[in-house]
Amino acid sequence: MSVPPGGATPDDEMPWERLDPRIVLAAFLGALVRLVPAAVAWLVFDQDDTAARATVAALAAIALVHPANEALKFLKVRYRVTPSELQVRKGLLVRTTHAVPLHRIRTVDITAPLVHRLLGLAVLTIGTGSNLMTDPGAGVSMAGLRAPIAASLRSRLVQESGFEDSPPEAGPWEPADGRPPADDTVIELRWAWIVYAMSGVWLLVGALSVGGTVFGMASAVGRGDWLTGGLVAAWAALGVFAAGVALVVFLLVGTVAGAVTFATGWWGYRLVAETGGTFVATRGLFTARSFTADRARMRGVTLSGSPLVRLLGGALARPVMSGVSLRQAMNESATLLPTTTRAEAVRLGDTLLGTPVLQSLEDGDVRLLPHPPAARRRAVARWLLADLVVAGLLVLGAVLWQWSLWLLAVLAVLLPVCVLAGRAAYRSLGHALVDEHLYLRRGVVIRRTDVIEVRGISGATVTQSPVQRWLGLAHLVATTAAGEQAYRAADVAVGDAAALAAMITAEPGVASPGGAPETGVLPV
Amino acid sequence: MTTPSSTVLRPPRHQVDPRAVRYWLVSGLITLLAVAVVAVVPALLWEPVRPWFLGIGAVVGLLVLPRVVVAPWLRYRTHRWEATETAVYSRTGWWGRQWRIAPLSRVQTVEARRNPLHQAFGLAAVSVTTASAQGAIVIQGLDATVADDLVAALTTATERTRGDAT
């Protein structure tokens, strides 16, 4: 992706733009926000604590070095949009130029953390369709653009990158509800969805995350022992109720953390379908985010839900997109939809993909085929194997450290749970290949349904372990450049795996009826 | 979909070069040797850690042993490959089995690889990748000239059938 500057092209006359000098101030303020509370706490509480002094010193160093680094960035980063490329030049001693062809830009996102926002700045990141790991230019990011410039740059990139030039086989864009294409709000925030955020993953990690942060901050100013001392005293005072109170506090903190995360992250959420076939999602209370994705790059959709969310009638639809850069995937800016009600998730997933695949699944127009009974035997056996491993560890503990053998009673309780879990895992399995879409469903805890367009599939892999060979089963994996790169149909009958692999790769010759001779060496 | 239960993925047409058995055997031996060196040298030099290094070394050695004792011959029986008019097709594995199909319209890169051990046996590996980070096809143990011909043929065929790779 790197080209030497000064190649003899007519683009050379285009002026280079610089970043806004306010990034230096933004960096300084951002560092100050972290430094001041720590320094004040250190002055007020304990000036002799070594850990606290080290924390304050480190934060002070960051407050000096980070703005200096941003100042260098302001001096050295230049960018311009030529008719064919987005060029970003950076580097002090070794000057590198990233040149990203406009037609390869698939996604554009603008993020503005609070300090940036107060100063009217934003960070613009682009995603291309190339391999995330190997291509350094795949996720070019520019921090410190003025917000209106970032917005106009986004629309220029969206227009000139030919987002609207969808591949011919994609067909014209039609919204799921049949209205003519126009700038159109697809969905806006509904506060009822906060229930799903409160009952999702935050319920488990919320208390740990909040507790860790509070303890970390207290330790940084040398007051970690106050917290531990208080906890020990509270535990002793509560006596027999301690475990119950701890559970209630744990769940309460988790729920509140989920609610706060949802409220700040999805504040003012709006998903808009623009003319020209792009979707823009804007959201955020403190950090404002805007994510632009190209409908022509949607290759499918995943519908998933954890047990509690499913119980409350919720689901999360995630589009399977190509061209999301690693940076975007890491900082969650590439999220178009929150967890919503199942009906809404189905509608939104279908709207993003442009075909009612999830709706036809809900209506029963597409029926998923159950997997062969051998798959149930394998699923139950795997859960029992896990039980057996636990048993082995308990016996080992009993032999080595004289653990009570009564612990083995736990296994008696786990045994029926494992059998039920195995049977539930089997019931969740299903697949279908209908109208050029591959439908896959699996998962006992997080149940997920993947729908992948066959035109987006770039290869097929069939794998078989010795046990699967014995049971006549196989995994079918469809590989794609989009989303998670590989989507698996678990424990399909080996004949179905062969037929599916042949169909999704349009290579009917590889599947043959009846066992062909295994040997028969032909010359090359 | 009602598929007759007898439907199978047919074996790809070509077997790999017989020298591949020796290649896999030697590379397995090199791994075993490396494990032995890592376990034995610190054990000889430093008395207190001797039982740990020898114990863990023995366990790892036992896990690697099948790669030397049975894997090369089983691999030779399983590993097959084929380049049809429209796709690359391979079957690999010795313990389990893997069939991989990559349509040429989705292929992005085709290259022959030769490490020193390949060169010692006059062999090469051909690797075929698509736009997906998963599912690259690597055909091990090809005769070096066969590999070069295959790369040349696949490169021209891929240019002929270039489609939307992403």
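How do the residues of the lining of the second largest pocket divide into nonpolar, polar and charged? In this predicted model, the split is 16 nonpolar, two polar and no charged. The pocket itself has a volume of about 490 Å³, and 18 residues line it. Gly211(A), Leu231(A), Ala246(A), Val249(A) and Val253(A) are the ones that lie nearest its centre. Three helices of chain A, namely helix 6 (202-220), helix 7 (224-238) and helix 8 (242-266), each supply at least two residues of this lining. Helix 7 of chain A gives the most, with seven residues.

Nonpolar side chains turn up on the outside as well. A nonpolar surface patch of about 1100 Å² is built from Val389(A), Leu393(A), Val395(A), Leu396(A), Val399(A), Leu400(A), Trp401(A), Trp403(A), Leu405(A), Leu407(A), Leu408(A) and Val410(A). Here the top contributor is helix 13 of chain A, with seven residues. Val395(A), one of the patch residues, sits in that helix. With a relative accessible area of 38%, Val395(A) is partly exposed, because the value falls between the 20% limit for buried and the 50% limit for exposed.

Helix 13, which spans residues 373-401 of chain A, also holds Arg377(A). Is Arg377(A) buried or exposed? Its relative accessible area is 53%, so it counts as exposed, the cut-off being over 50%. Along the sequence, Arg377(A) and Tyr426(A) are 49 residues apart, yet in space their C-alpha atoms are 8.6 Å apart.

Then there are the charged pairs. How many salt bridges does the structure hold over all chains? The count is 18. In chain A, Glu188(A) pairs with Arg270(A), and the closest N and O atoms are 3.6 Å apart. This salt bridge links distant parts of the chain, with Glu188(A) in strand 8 (residues 184-188) and Arg270(A) in strand 9 (residues 270-274), 82 residues apart. Both partners are partly exposed: Glu188(A) has a relative accessible area of 42%, and Arg270(A) has one of 34%. Also in chain A, Arg318(A), Arg448(A), Asp450(A) and Glu484(A) are joined in a network of salt bridges.

Chain B has its own long-range pair. Glu82(B) forms a salt bridge with Arg13(B), with 4.0 Å between the closest N and O atoms. The two belong to distant parts of the chain, 69 residues apart: Glu82(B) is in strand 3 (residues 80-83) of chain B, while Arg13(B) is in the loop between strand 1 (8-9) and strand 2 (14-15). Which side of the burial limit does each partner fall on? Glu82(B) is buried, because its relative accessible area of 2% is under 20%. Arg13(B), by contrast, is partly exposed at 43%.

A further salt bridge in chain B joins Arg19(B) to Asp17(B), where the closest N and O atoms are 2.9 Å apart. Arg19(B) has a relative accessibility of 23% and therefore counts as partly exposed. Asp17(B), at 17%, is buried, since that value is under the 20% limit.

How values were computed: Residues numbered from 1 in each chain as written. Chains lettered and ligands numbered in written order. Predicted model: local features only at pLDDT ≥ 70, side-chain atom pairs only at ≥ 80, totals over all residues. Heavy atoms only, no water. Helix = DSSP H or I, 4+ residues; strand = E, 2+ residues; numbered from the N terminus. Buried < 20%, exposed > 50% of the residue type's maximum accessible area, 1.4 Å probe, protein only. Patch = residues over 30% accessible without salt bridge, like charges linked within 9 Å, V, L, I, M, F, W, Y side chains within 5 Å. Areas by Shrake-Rupley, 256 points an atom, 1.4 Å probe, with all protein chains shown as cover. 1 Å grid on protein atoms, 1.4 Å probe; cavity = no way out; pocket = protein on both sides within 12 Å on 5 of 7 lines; lining within 4 Å. Points joined across faces, edges and corners; volume = space filled by probe spheres on them. Nonpolar A, V, L, I, M, F, W, Y, C, P; charged D, E, K, R; others polar.
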